[in-house]
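Visitor: Hi! Could you walk me through this one? I'd like to start with a chain and then look at some contacts.

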Amino acid sequence: MVVATAIFFITYAIVISEKINRAIIALMGAGLVIGLGVLTQEQAIAGIDFNTIGLLTGMMVLVGITQGSGVFQFLAVKAAKTANGHPLGILIMLSGITAILSALLDNVTTVLLIAPVTLLIAQELKINSYPFLFAEINASNTGGTATLIGDPPNIMIGSATGLTFNQFLVHLTPLAILAFMMTLIPLTILYRKKLVVLPDARSRLMEFNEWEAIKDWRLLKQSLSVFGLVLLGFFLHHTLQLEPATIALLGAALLLWLVTYGLNPEESAHKVHGFFSHVEWVTIFFFCGLFIIVAGIEHTGLLNTLAAWTIDATAGNFAITAMAILWVSALASAIVDNIPFVATMIPMVKDMLPVFQEAGVPPEQLQGLWWALAAGACLGGNGTLIGASANLVVAGIAQRNGISFRFVPFLIMAFPIMLLQIIISTLYIWWRYL
Amino acid sequence: MKAKDIMTTAITTLPLQCTVGWALRECARKKFQAFPVLDQEGGLRGIFSIMMVFPSILPPYILSGELSQVTYAPDLEEVHQKLAALRNRPIEGLMKTDPPTVSPETSYLACATILLHVQEHFRILPVIESKSLVGLIAPWDLIKNTEDYGH
């Protein structure tokens, strides 16, 4: 137990310090778990959640191919124009499109696609792009909360618990919409007077021709058709008895086949190679290593003990436990990567369930613990600049374009907004599950 | 075949002190895209190419490739303002310093490889002997001389 716990804490400490690439350190930790005999190779491989890995990889390939059509730029420009060049309206529309895309795609990909268009739009309008980028960061994490595929914590929770895509829609989407809408209130108050656009700049925005953004109509039709099928598959995955990973990977294979249909083998190989390069292999290998490390401490019974302590600390009170999970997840995810945090929490929460089940808590209410974990981990990412990968990606793009994104100024605005979202989540979970 | 056999010896150069506007006028007048830049002692200090203007006037999100096509957007006033402001700046800040060079004895193969892989933004290769610029090799020199070689 000591060895596994030591590997766990050292790995986490190095991941937090960001001194070594997180994939490298997770794989090294996983190697030690096996090398020092905490787990056998078979147990280690069994610890890797291939549903999470498959779903992430499949969606990354799908988005990687689709982005070549220009559809995401189209959506961003269309959203901005819908607001008629009114800056506050543009902020709301761009946030809205970011939230919707983040619910369906990976958050980092979403902001990588939307942030550069936002910079262009702000430059045409001759206004500071900071408010837009700030709102988009928040929208990407909030939108990601809404669905099973929106954010890695949800993917992991869905895979570990068997909760379906539709259950996430029923239980988390309303909360995400509510949190998104409520966040717009402070953003509007803060930026109402700062965002002023001259009439000629506004008319320049209306000169944008969003249809020109579509580079490849054939690819667009193919990608949207496959995306439609994949979404349909997600809605029906429980009935079809297929894991979301299977559906995403099948979708990726189908789209790969469609876009390379009729090409000679050399061209086809070149294209497929390019599409697979869209997969963020660092994230995928980080997950693999992490799952093995968590399996290691799970095997030693440490998480079981921690779960028992938590229940003791809350005196076995279900409501207090749910709230503790929500708030601790939010605060932890604001500071550290929510992926290792949730990977550790999942077996702990699983250990708590039988205790509450025996105490007579109905199954529908028990689910509240998972929704509390998902909401806390996803929305917590809004609290600080380092709370989520999407935040750092936007900050990086902004800095390269001369827009300062500093830790403390971001914290001063973002942390209270995150607290507001967690208070909303508290009320929501209280109302629905307690 | 060596660099000395294919290089052009009638070279037009730019002085280190000239402005970007002056350099661009020279590019237009001579119909060249790039020039070697020499200091007062005749030493090669860098290469100026019209392609080097774009990184100074286009927004970073376009330069980085984060937005690789903007056919849907109207013109950006800022780009024209930056270009206008750039005209009075010395070329020293814009030119490529320490460009790869070859000696008169460098092989044809080595010259072609450098032009293809290293100098892709300005496509001229200075030939240096005893710290002085003695010739220039452009892609055309490589092709033209290959034809001569065959006959």
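Visitor: How much of chain B is buried?
Guide: Happy to help! This is a predicted model, and in it 40% of the 151 residues of chain B count as buried.

Visitor: And what about the surface, how much of that belongs to carbon and sulfur?
Guide: Carbon and sulfur atoms make up 56% of an accessible surface of about 8,400 Å² for chain B.

Visitor: Okay, which helices and strands does chain B have, and in what order?
Guide: Chain B has seven helices and six strands. Reading from the N terminus, the order is α-β-α-β-β-α-α-α-β-α-β-β-α. Its C-alpha atoms fill a box of roughly 50 × 35 × 25 Å along the principal axes.

Visitor: Let's go inside. Which residues touch the most others in the largest nonpolar core?
Guide: Those are A:Leu373, A:Phe405 and B:Phe48, in a core of 175 residues. Apart from that core lies another, of eleven residues, including B:Ile6, B:Val102, B:Val127 and B:Ile137.

Visitor: What does A:Phe405 contact?
Guide: Setting aside neighbours within four places in sequence, its contacts include A:Tyr130, A:Phe134, A:Leu385, A:Val394 and A:Phe410. In general, nonpolar side chains in soluble globular proteins tend to be buried together.

Visitor: Switching to charges: how many salt bridges are there over all chains?
Guide: A search of the whole structure finds twelve. One of the pairs is A:Glu124 with A:Arg204, at 3.3 Å from N to O. A:Glu124 sits in helix H7 of chain A and A:Arg204 in helix H12 of chain A, 80 residues apart.

Visitor: Are those two buried or exposed?
Guide: Both A:Glu124 and A:Arg204 are buried. For A:Arg204 the relative accessibility is 10%, so this residue falls under the 20% cut-off.

Visitor: What else does A:Arg204 pair with in a salt bridge?
Guide: B:Glu77, with 3.2 Å from N to O. A:Arg204 belongs to helix H12 of chain A and B:Glu77 to helix H5 of chain B, so this salt bridge joins two chains. B:Glu77 is partly exposed, with a relative accessible area of 33%.

Visitor: And where does the salt bridge partner of B:Lys82, B:Glu78, sit relative to it?
Guide: The two are in helix H5 of chain B, separated by about one helical turn because they are four residues apart. Their salt bridge spans 4.0 Å from N to O. B:Lys82 is partly exposed at 32%, and B:Glu78 is partly exposed at 30%.

Visitor: Last one: which residues do shared salt bridge partners join into one network?
Guide: That network is A:Glu124, A:Lys126, A:Asp200, A:Arg204 and B:Glu77.

Key: Residues numbered from 1 in each chain as written. Chains lettered and ligands numbered in written order. Predicted model: local features only at pLDDT ≥ 70, side-chain atom pairs only at ≥ 80, totals over all residues. Heavy atoms only, no water. Buried < 20%, exposed > 50% of the residue type's maximum accessible area, 1.4 Å probe, protein only. Areas by Shrake-Rupley, 256 points an atom, 1.4 Å probe, with all protein chains shown as cover. Core = buried A, V, L, I, M, F, W, Y, C linked by side-chain atoms within 4.5 Å. Contact = heavy atoms within 4.5 Å. Salt bridge = Lys/Arg side-chain N within 4 Å of Asp/Glu carboxyl O.
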